[in-house]
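Reader: I should like a close look at a single part of this model. Please describe one helix in detail, and then add what is relevant from the other chains.

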Amino acid sequence: MTTAIIGEAAVDRAALFEFLLRTGDNALILAHRLSEWCGHAPALEEDIALANTALDLIGQTQLWLGLAGEVEGGGRSADDLAYLRDAREFRNLLLTERPNGDYGKTMMRQFLFDAWHYVILNALRASSDVRIAEIAEKASKEVSYHLERSRDLVIRLGDGTAESHARMQEALDDLWPYTGEMFVGETSDEALAAAGVAPEPQSLKAEWDALVAEALSVATLKRPADGHMHKGGKRGIHTEQLGYILAELQFLQRAYPGATW
Amino acid sequence: MTTAIIGEAAVDRAALFEFLLRTGDNALILAHRLSEWCGHAPALEEDIALANTALDLIGQTQLWLGLAGEVEGGGRSADDLAYLRDAREFRNLLLTERPNGDYGKTMMRQFLFDAWHYVILNALRASSDVRIAEIAEKASKEVSYHLERSRDLVIRLGDGTAESHARMQEALDDLWPYTGEMFVGETSDEALAAAGVAPEPQSLKAEWDALVAEALSVATLKRPADGHMHKGGKRGIHTEQLGYILAELQFLQRAYPGATW
Amino acid sequence: MAPEERAFQERIDAGQKIEPKEWMPEGYRKTLVRQISQHAHSEIVGQLPEGNWITRAPTLERKAILLAKVQDEAGHGLYLYCAAETLGISRDEMYEQLHSGKAKYSSIFNYPTLSWADIGAIGWLVDGAAIMNQVPLQRCSYGPYARAMVRICKEESFHQRQGFDILAKMVKGTPAQKAMVQDALDRWWWPSLMMFGPSDDASIHSAQSMAWKIKQNSNDELRQKFVDQTAPQADYLGLTVPDPDLKWNAKKGGYDFGEPDWKEFFEVIAGNGLCNAERLGARRKAWDDGAWFRDGLTAHAEKASARRAEKSAAAE
Amino acid sequence: MAPEERAFQERIDAGQKIEPKEWMPEGYRKTLVRQISQHAHSEIVGQLPEGNWITRAPTLERKAILLAKVQDEAGHGLYLYCAAETLGISRDEMYEQLHSGKAKYSSIFNYPTLSWADIGAIGWLVDGAAIMNQVPLQRCSYGPYARAMVRICKEESFHQRQGFDILAKMVKGTPAQKAMVQDALDRWWWPSLMMFGPSDDASIHSAQSMAWKIKQNSNDELRQKFVDQTAPQADYLGLTVPDPDLKWNAKKGGYDFGEPDWKEFFEVIAGNGLCNAERLGARRKAWDDGAWFRDGLTAHAEKASARRAEKSAAAE
């Protein structure tokens, strides 16, 4: 395998590529789910906020997948990676592809993801790879706002009416088994951590746990027990949802190969 | 424009191609909608019946689009026509692309379509084009069974509980504006009718009206007034639904161009 | 004319702005509420035909631009609802009027978006026509509406350029792409012309609206201006405007053009467009499905304020 | 052993079939109900992973074949529910047990179908393993079950050939297609081996089921047979079975192979497979959403029979 010299550290190019795909795919797939709400949110302010969050995430997708293509060195652009890979080559967390459900479920998914996203981006700001550090610097500002919003809504709906409380608790219980995957390290992660490029996934858990526990407690929601956790996204084993997302997302690029838009 | 000699009649090849696309696309798109129910129907017998109807319709699609490709004379197969045209080139009735809704709506859509399908296929059995007459002969046997089933369910649900009655009436009211299109003739239809290839669409209305009126009356459902009728499908102006159907239907052929399966 | 009405008209004639708390004739208030809320509803419903292509946008860049645009439009809806609220109607009342069918929204959004080129055509033609209507509204006599329009017009002209850019890229692309663009123009041209409304001769409202400086140009004037601006752009793109009567008239210094199919216009207004039921259905569903969400937020706000009151009482 | 129980066992030993109304030990009845209903549930739930690809099947021909297959499976469900009903349990009771989680279905259907090759792999491996289990059941001591199996086995072997055919076509295709097939084998191989259940040493039920001729071969025997049949087919397709321990053992005239990950097996049984919640959720939703439909049919049937009764009373 080839290695890339970044600053001081020599890291495995394939491992770095995988890591960047994961980060970019998370943003892309979650933005897709949020976009599905367009015009259908329960309040105008929510339509605006969702479009804004999706927009931030698409911007981040461009940066992460752009860098991934650069690291890969095969001439693939961010668009090539977004539009011309099939499901097995996607590396997003299963959490990001979960169906929207009701607006409470969408917000709970967002909060659980934002809290992790915030923690990992903060860590990546100190990456030994300056390109990663720069993207993380920009993205973490956006994501800290996402987290502020999704945390706030989880709290208000959790501690709202009996119905909103019940819906949020159900959303939390349904989504919880998809959170463990955020902290599962693949072998490639060790090398990246050793080189100071990216943190080991499990090292982020304590901070995420604390963020989540605090918000859930204010929201009067009960943190589910850590039972079985689903995984697979990082190795391209997805739920059956992803194929449908990609059929839609990639339609034009697939149907009109080689066209520029 | 070129003309095709069929039996005694010389008909416009383009008009014939259009007609065959319409007939094939109706079957393909409706089969797609029915397939979406797979494993989700309200009774096991319904799962079986839906799969069976979809299967018949896919078989008919193969025959109609196969003949369409032959008539076109450009070497396109039934699969090419099904998988490699975009929405504007599809000629199905808007009725066939309406979302499934609840099972009552699916059955109402089926009944309204089956009644028309039965009438037109019966007429096509006497087509001056023997190839069309042969396909119609085979298909009309299948469709007479489809109609028997959907008519029966519309009656049983219409004259069932207050809830099932209300659902069926709502389905009927929602779908009614999509039925007028079945009887709208395009200019190309006149030539086909003159050559005895296919009936003029409006000539089928009386028989359809009678079939529908009889069933609705037994079902204790109120036939909606003939107000504004949507159209466009025959000229490729569809609802926004069709694009999503095709993104899914065509994914593999688009993503893996040239592969054989 | 009553003395206060006369004074009101004199202020308008003098080019002064009317502000929320000031006296105004009931007809003026009603006309504005109708017009502003209809405009706001159009922004909201307008999210749907464009939202239809966000998940299928052909590149990440185009997706981002479309997301930003749709976000702007929801923002415009927000300013406009706020402007209308200064006239003594609540946002919920306006929603109620939309959902019941009492209030209208722009008929153009009852046409389906059938290809990616439609997203370009909406920016170019629909936003283009909207700007033509809205630019004079920046000088409307009602202050909050005029000020909202300043901001909206700036963003809209940005959207229009982006729409044009989508098409400019596509016409330089493959034959299939170029055909998509022509097809989009064929379908959106006439509905865009109809956005200016029927000829003013047919309208009773227009004269009074003109006197009140709510309206500043006739529908036909604006339509002419739109055609004069748009026809050369179509030409630049290498497209054929679907109007055999369209031709340059050197004498009048503008284009002659055909008459839109007003029968279709009134059909769509009457609810018979291809998408009326779906658009309104989607908005109603969003509202109904969101009831628990809004109730939850209200309940939380009440709890929070009760807690604050309790705390401050304890602190005293 | 009570005399009737002894007589029962003697009939079984003599190879006679037991029929519905005849006396049978309660344990025999219970075991059969559990096994037949679990089998029926598997057919029904098994529609879902395959149904996932009907709308995306790559050709019309493949779509038709898959539709026919799924239809057959629903049909198998129907025979099997009928066979179980002869033992005094209703179909609704069996559904209730499925929906409450009391009754199981084959764990294999809790894995996702991620590519078109999975449809081939399910036919080849999953149906292949199912046939291995089912062929001996044609000689099962309970008549209705044995007869249902005759019909089912015939169709299943047809499905298996179709699945193999999907893969045979793909491995001759593009590198991407071939990679899809290898990936499908990698994911479905071990779960297929697990379909035979843990080693019989671990099972208390097995000995009694064998004595009653409900079961005729040990799990390990059938697993060995499956590997012996399937490994050469993988070879023929040019695929690599994801088991480093797999090799031909000339002495025993069969393959040696590795141990499946039984921890995963029990996890999935316990509800923790990737799709458990979705599969059961889909079935529950289908049932709940369909309540009005079934009620409507029942109400109609009652009305119709009341009308017939009235008519025949009037005629007398």
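Author: What follows treats one helix of chain D, then one residue of chain C, and lastly chains A and B.

This is a predicted model, in which local features need pLDDT of at least 70 and side-chain atom pairs count only at pLDDT 80 or more, while totals for chains, interfaces and linings use all residues. Residues are numbered from 1 along each chain as its sequence is written, chains are lettered from A and ligands numbered from 1 in the order in which they are written, and side-chain values use heavy atoms, with hydrogens and water left out.

Helix H6 of chain D comprises residues 116–134; helices are DSSP runs of H or I with at least four residues, numbered from the N terminus. The expected span is 1.5 Å times one less than the number of residues, so the 19 residues of H6(D) should span 27 Å, and the 26 Å between its end C-alpha atoms agrees. H6(D) nevertheless has a kink of about 35° centred on Ile122(D), the bend being the angle between axes fitted to the seven residues ending there and the seven starting there. At the N-terminal end, Ser115(D) acts as a cap, with a side-chain oxygen 3.1 Å from the backbone nitrogen of Ala117(D). Of the 19 residues in H6(D), 18 are buried, meaning under 20% relative accessible area with a 1.4 Å probe and protein chains only.

In chain C, Gln47(C) belongs to helix H3, residues 47–51. Gln47(C) counts as buried because its relative accessibility is 1%. Its contacts (heavy atoms within 4.5 Å) include Cys38(A), Asp47(A) and Arg283(C), residues up to four places away in sequence being left out.

Chain B superposes on chain A by a rotation of 180° with 0.0 Å of shift along the axis, at an RMSD of 0.0 Å; the fit is by least squares on C-alpha atoms of residues with pLDDT of at least 70 in both copies. The two copies are therefore related as by a two-fold rotation axis.

Conventions
Helices (H or I, at least four residues) and strands (E, at least two) are DSSP runs, numbered from the N terminus. Buried means under 20% relative accessible area, exposed over 50%, partly exposed in between (1.4 Å probe, protein chains only). A polar contact is a pair of N or O atoms within 3.5 Å; within protein, one must be able to donate a hydrogen and the other to accept it, and residues adjacent in sequence count only if both atoms are side-chain atoms.
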